[in-house]
Amino acid sequence: MLNKVYQLIRPKNISIKYEEVSISSSDKLLVKPNYMAICHADQRYYQGKRDPKVLAKKLPMAPIHEASGVVVADPTGTYQIGQKVVMIPNQPPHASNDLFYENYLPGVRFLSSGFDGFMQEVISLPVDRVVAYENIDDEVAALSEFTSVSMHAINRFDKIAHPIRERIVIIGDGSLAYVVATSLHYKFPNTKITVVGRNPEKLRMFNFIASTYLTNEVPDGLTFDHAFECAGGQGSEPAINDIIDYIKPQGTVMLMGVSENKVAVNTRDILEKGLIVVGSSRSGRVDFERAVEMLSNKRIQSRLKNIIYSEEPVQSVDDIHRVFATDLTTSFKTVFKWDI
């Protein structure tokens, strides 16, 4: 069948590419995207806020790697026609094993990062690149990839960090921090979670955790067993160095915020405190399964709806430009129905 692929060919320039899509392969199925969410990474490509060399290498490509969809064909018989699924953008050369996660394997492909993402009429995917869901609102299901990233980081943290987990600090007050806080509270309900950020209105959204502080109002002497850095961008450097100040010896620091530039880090205190610093990026199938399990909880769904801004459906190229423009004005996550 002839498929429409909505590619970003230059910053703020969308073009429709027509290509044949086939599911003759015995391990692939077709999914029609249903709801999508915009990620900061997609926005950086759209706005042209990546290095020109990176843009030249990555474009053209269809944006978006956060989406839910509906199965329209599955020759393998694994899924039923009309079944709702979330789609996994990570395309590894082979499955994870006991040592290495699929999202860090050499040769891994990630859709919407140099390869066409989910802004297509239909998506052809290997059957193991979708996870079925029920009893999750579709707009919340669109956050499954975003949630899976937090699940991946927390799973790695759980395997690496020492068992004293009375207090954990999250630096950052955006969407990533909110989902990490939600996931940590779900996974470790007895742990006291603190969020440190710069926006008082955003911090008020974190009313389900133990405490929140503005960056310049953290009490002297307050310490934490472990930490998650969710600031990214220009905030990465102060966030990481604040964590090094706050954290107790032999704590684990999970780095999750993406920075386009190199940052200066206080390595002296990392060494003196014997800290474990872990970089965590993206996710794999098992993380999606854990995300879907958590999102099936109605209380979690209600909580995550607090950070969703629901845009009008996308039915044209003009609408694509509209939702990317709207996303610049929203505090958290922009979600929209893909009605093409």
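**View 1. The two domains sit with their centres 29 Å apart, taken over C-alpha atoms.** Domain 1 covers 2-132 + 308-338, and domain 2 covers 149-279. These bounds come from an automatic or database domain assignment. The model is predicted: local features need pLDDT of at least 70, side-chain atom pairs count only at pLDDT 80 or more, and totals for chains, interfaces and linings use all residues. Residues are numbered from 1 along each chain as its sequence is written, and side-chain values use heavy atoms, with hydrogens and water left out.

**View 2. Domain 1 and domain 2 bury about 830 Å² between them.** Buried area is the accessible area (1.4 Å probe) that two parts lose on being put together, summed over both. Carbon and sulfur atoms carry 54% of it. Tyr 101, Tyr 104 and Phe 332 supply 63% of the area that domain 1 buries against domain 2, more than any other three residues. In contact (heavy atoms within 4.5 Å) are 8 residues of domain 1 and 12 residues of domain 2.

**View 3. Arg 50 forms a salt bridge with Glu 260.** Their closest N and O atoms are 3.1 Å apart. The rule (a side-chain nitrogen of Lys or Arg within 4 Å of a carboxyl oxygen of Asp or Glu) finds 2 salt bridges across the interface of domain 1 and domain 2.

**View 4. Cys 39 and Cys 230 are both without a disulfide partner: the whole structure has 0 disulfides (cysteine sulfur atoms within 2.5 Å).** The sulfur of Cys 39 is 13 Å from the closest cysteine sulfur, in Cys 230, so it is too far for a bond. Cys 39 is buried (under 20% relative accessible area, 1.4 Å probe, protein chains only), at 15% relative accessibility. Cys 230 is buried at 7%.

Notes
Buried < 20%, exposed > 50% of the residue type's maximum accessible area, 1.4 Å probe, protein only.
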